[in-house]
Amino acid sequence: ASSHVALSPLEPYNPLDYGSRLQSLDRVRKLNQRPLTLSEKLLYSHLIHDADNWALNEIERGKTILRIRPDRVACHDATATMALLQFISAGLPRVQVPTSVHSDHLIVAEYGAKEDLTRASSDHREVYAFLGSAAKKYGIGYWKAGAGIIHTTIFENYAFPGGLMIGTDSHTPNAGGMGMMGIGVGGSDAVDAMAGMPWELVCPKVVGVRLTGRLSGWSSSKDIICKLAGILSVSGGKGKVIEFFGPGAESLGATAMATVCNMSAEIGSTSCIFPYSEAMGRYLSATKRADIAQHANKFKDALLVSDPGSESFYDDIIEIDLSTLEPHINGPFTPDLSHPLSQFKQHVEERSWPSRISYSMVGSCTNSSYEDLLKVSHLVTQAKESGMHRAKTPFLVSPGSEQIRATAEEAGILSTLREAGAVVLSNSCGPCVGQWDRKDVDIKGAESNSVISSFNRNFTGRHDGNPSTHSFVTSPEIATAFAFAGDLTFNPTTDPITFVDDSGSPAEFRFAPPTADELPDSFFPGNDLYQAPVLADTSEYKVDIDKNSDRLQLLEPFKPWQGGNANDMEILVKVQGKCTTDHISPAGPWYNYRGHLENISHNMLLGATNGFLPNATSLQMVGRAENPLTHEIEPVHEVARSLQSSGIRWCIIGDHNYGEGSSREHAALEPRYLGGVAVIARGFARIHETNLKKQGMLPVTFADPADYDRIKKGDRITLRDVDGDGLQPGKQVTMEVRTKDGEAWTAQLNHTYHAHQIQWLRAGSALNHIKKTLLG
Ligand code: SF4
């Protein structure tokens with residue numbers, strides 16, 4: 001039909017249907033006509049109405065679990081392997097929701113784009129072959145290595161006002177610059193959505209940020225989020241959507257808004273969103289999506305901006321005046337340590353941070369828009385015209401996508417930067433995510449040094465694995481000015497740059513604040529590194545997995561629950577104290593095995609403290625357990641394997657908030673794979689608890705947390721009321737403990753299973769259940 005508007009020019013067959021979103025929203029507010037915030041509109045217009053009858057007055061922020069159908073799922077190469085392996089094991093013919101995979105995280109930055117891509121294609125050959133072939137078979141769009149960083153590619157091709165997407169990366173909120181709610185999730189959530197299952201989210205709270213005034217001089221949108229991080233801290237946004245409003249929001253370009261939303265991950269928020277604006281329309285038109293802009297204009301008030309009067313429904317309001325906002329520099333070691341530029345020099349000196357800058361870096365998914373790169377080149381040109389031809393520090397540029405690289409190349413931006421000594425890296429994550437083979441400092445010797453970048457995250461070791469690299473994040477223009485100054489005590493608004501000119505004489509100049517157009521006259525696509533989803537029948541297509549691969553392994557579906565599974569279980573470990581998913585399934589060198597469950601399971605609980613062992617917190621004991629069969633102290637995973645091969649069921653005892661931290665599903669897959677049945681803890685982090693349920697493990701909590709202390713080495717545990725109809729939502733489970741000496745005691749346990757989740761347990765995993773439901 002002539003009114004057909006596609007979700008993306010790359011997927012002309014997927015229509016953008018604002019009408020049905022509006023209907024969904026109207027159903028929610030049928031009985032209660034109060035004004036809605038934009039966040040509410042976006043969430044409620046994506047609710048699934050089959051089983052639930054959502055009513056606005058019954059939805060409680062922070063409590064109600066929303067069941068949502070996202071418009072899109074995206075994964076990057078480091079998370080896609082396990083997500084796709086799980087999807088494959090579900091046995092579905094193709095994804096049920098538009099999905100894309102992006103090869104951006106695995107490329108190591110070393111010499112520059114060409115050499116680094118050559119190295120990546122050899123180092124990661126089998127992973128890329130797997131991703132490409134699985135994408136072809138299952139109807140997924142695949143962006144090959146060098147095509148771009150997940151969030152930039154999404155923004156350029158898929159993000160649209162009023163959309164809702166999930167991505168297996170914490171910076172998925174980047175799409176908020178296009179009025180689309182992007183939410184970072186774990187791989188198993190992505191798999192659910194890809195399989196067409198509802199995706200569940202605790203209804204977030206909403207923090208309104210009113211922007212007034214207008215940016216000027218050296219200030220940029222990066223400073224909005226750097227300042228906000230200082231106000232809210234790294235956990236201040238937890239369980240909340242940050243929603244911008246006010247006249248200042250209208251003054252920002254789309255990519256400038258994306259920068260803010262991208263870095264909202266640094267305050268731990270669920271997502272971050274800007275209302276639909278003319279700037280978004282301009283960006284859509286510039287990226288061949290003028291039809292989406294026209295369509296969006298018709299639905300703007302109803303769907304794409306907050307209702308008048310909704311401000312009183314924000315849980316909190318923060319005010320930022322852009323006219324008085326100073327440039328900010330955040331760090332080191334945490335993105336919420338926020339310094340206004342005018343105080344930065346003093347803070348550097350007071351705290352004795354290394355003031356000489358070892359590297360300046362611009363770009364990444366956070367800050368590599370046309371406007372960003374043009375401002376950077378404007379500064380470089382100023383320096384050149386003043387007689388300073390090269391930056392004082394090594395200078396790296398990470399374009400966010402092939403499109404922005406080609407556009408910046410055409411505009412002469414990249415050649416200007418190269419002349420000043422910049423190395424243009426491949427369109428990938430590189431130093432932003434620790435994929436940086438730097439040779440200028442002694443990493444192993446933890447040589448102290450400072451780097452400044454336009455990236456978003458600066459936790460210890462983030463860029464180079466060196467715990468003594470002091471990383472500061474700021475705007476691209478400030479990072480560039482500092483590249484010419486070479487020192488953190490510089491302030492471009494007050495200080496001149498000193499250098500030695502061509503005749504060998506000392507010289508100086510002052511930077512004027514950089515200026516740039518928001519958008520180019522036209523974008524250049526560059527090399528085509530996109531593999532479109534195959535629409536034809538792909539049942540004969542094969543997925544490339546080498547049987548001898550040590551990085552990829554097909555998953556065998558887990559066995560369904562059998563009566564008596566939770567009888568007479570050994571206790572593998574009694575975890576004591578903090579146990580994050582990093583303790584359960586550490587990262588670092590294990591990163592390469594994320595697609596191989598057998599191999600990665602050798603890291604299970606290597607970081608956990610086992611309260612059953614003497615000197616439990618000593619380095620020799622962490623990650624170990626006593627094998628009940630041999631009484632040897634061994635790595636936990638070896639004990640688990642030994643029990644499994646002897647047909648002995650086992651469980652884990654956990655402490656408070658077990659499984660906090662990243663949402664990686666390996667932390668739930670590994671114990672299940674090695675024969676675990678249950679985790680009995682004082683408490684769970686929400687995502688890990690759900691992940692355990694999804695993999696068919698049984699997470700339960702002590703009704704009386706003091707019972708944790710009564711569990712002793714050699715005890716055996718039986719969980720009653722978990723077979724057949726015994727397990728019911730809201731009904732406690734009885735735990736029987738038989739001690740080594742033959743004594744017995746019982747205690748009550750709680751669980752959080754909903755009725756539909758109990759079916760996951762019965763089927764052996766959520767995926768087995770989906771398969772049964774969809775394929776019969
Ligand atoms: Fe994440 Fe950095 Fe890559 Fe962006 S560039 S997706 S922040 S690792």
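This section describes the domains, the ligand shell, two buried segments and a strand barrel of a predicted model.

The domain assignment of the protein divides the chain into domain 1 (6-323), domain 2 (332-509) and domain 3 (569-775). Between domain 1 and domain 3 the C-alpha centres are separated by 33 Å, and the two domains meet through 18 residues of domain 1 that are in contact with 16 residues of domain 3. On the side of domain 1 that touches domain 3, the elements giving two or more residues are α3 (77-90) and α7, and of these α3 gives the most, with seven residues. In composition, the residues on this side of domain 1 divide into 10 nonpolar, seven polar and one charged.

Helix α7, which takes part in this contact with domain 3, spans residues 187-194, and because eight of its eight residues are buried, the helix is largely enclosed by the rest of the structure. The buried residues run through Gly 187, Ser 188, Asp 189, Ala 190, Val 191, Asp 192, Ala 193 and Met 194, a list that includes two aspartates, Asp 189 and Asp 192. Just after α7, the backbone at Gly 196 adopts a positive phi of about 90 degrees.

The ligand is surrounded by residues from two of the assigned domains, since the shell draws at least three residues from each of domain 1 (6-323) and domain 2 (332-509). The shell comprises Asp 104, Ile 149, Ile 150, His 151, Asp 169 and His 171, together with Ser 364, Cys 365, Cys 429, Cys 432, Val 433 and Asn 456. By residue class, the shell divides into six nonpolar, four polar and two charged residues.

A further buried position is Asn 367, which lies in the loop between β16 (357-363) and α14 (370-385). With 34 C-beta neighbours inside 10 Å, against a threshold of 20 or more, Asn 367 counts as buried. When residues up to four places away in sequence are set aside, Asn 367 touches Lys 222, Thr 259, Val 362, Asp 372, Ser 454, Ser 475 and Pro 476. Asn 367 is also brought to 8.2 Å from Thr 255, C-alpha to C-alpha, although the two residues are 112 apart in sequence.

The remaining description concerns the barrel. Seven strands form a closed barrel in the order β24-β27-β28-β29-β32-β31-β30, with mixed pairing, and the twist from one strand to the next averages 40 degrees. Strand β24 pairs with strand β30 (residues 716-719) in the antiparallel sense over two bridges, and within this pair Met 569 has Ile 717 of β30 as its bridge partner. Strand β30 in turn pairs with strand β31 (residues 733-738), again in the antiparallel sense but over four bridges, where Ile 717 stands opposite Val 737 of β31. Ile 717 is thus matched with Met 569 as well as with Val 737. Elsewhere in the barrel, strand β29 (residues 698-702) and strand β32 (residues 744-750) are joined by two bridges in the antiparallel sense, with Leu 749 in β32 as the bridge partner of Phe 702. Helix α20 (residues 636-645) lies across two of the barrel strands, β24 (569-574) and β27 (650-654), and runs at about 175 degrees to β24.

Definitions and conventions: Residues numbered from 1 in each chain as written. Predicted model: local features only at pLDDT ≥ 70, side-chain atom pairs only at ≥ 80, totals over all residues. Near = placed C-beta within 6 Å. Nonpolar A, V, L, I, M, F, W, Y, C, P; charged D, E, K, R; others polar. Domains from an automatic or database assignment. Pairing = 2+ DSSP bridges. Axes fitted to C-alpha atoms, helices over the stretch in contact; angles between N-to-C directions. Contact = placed C-beta atoms within 7 Å. Buried ≥ 20, exposed ≤ 12 C-beta atoms within 10 Å, placed from the backbone.
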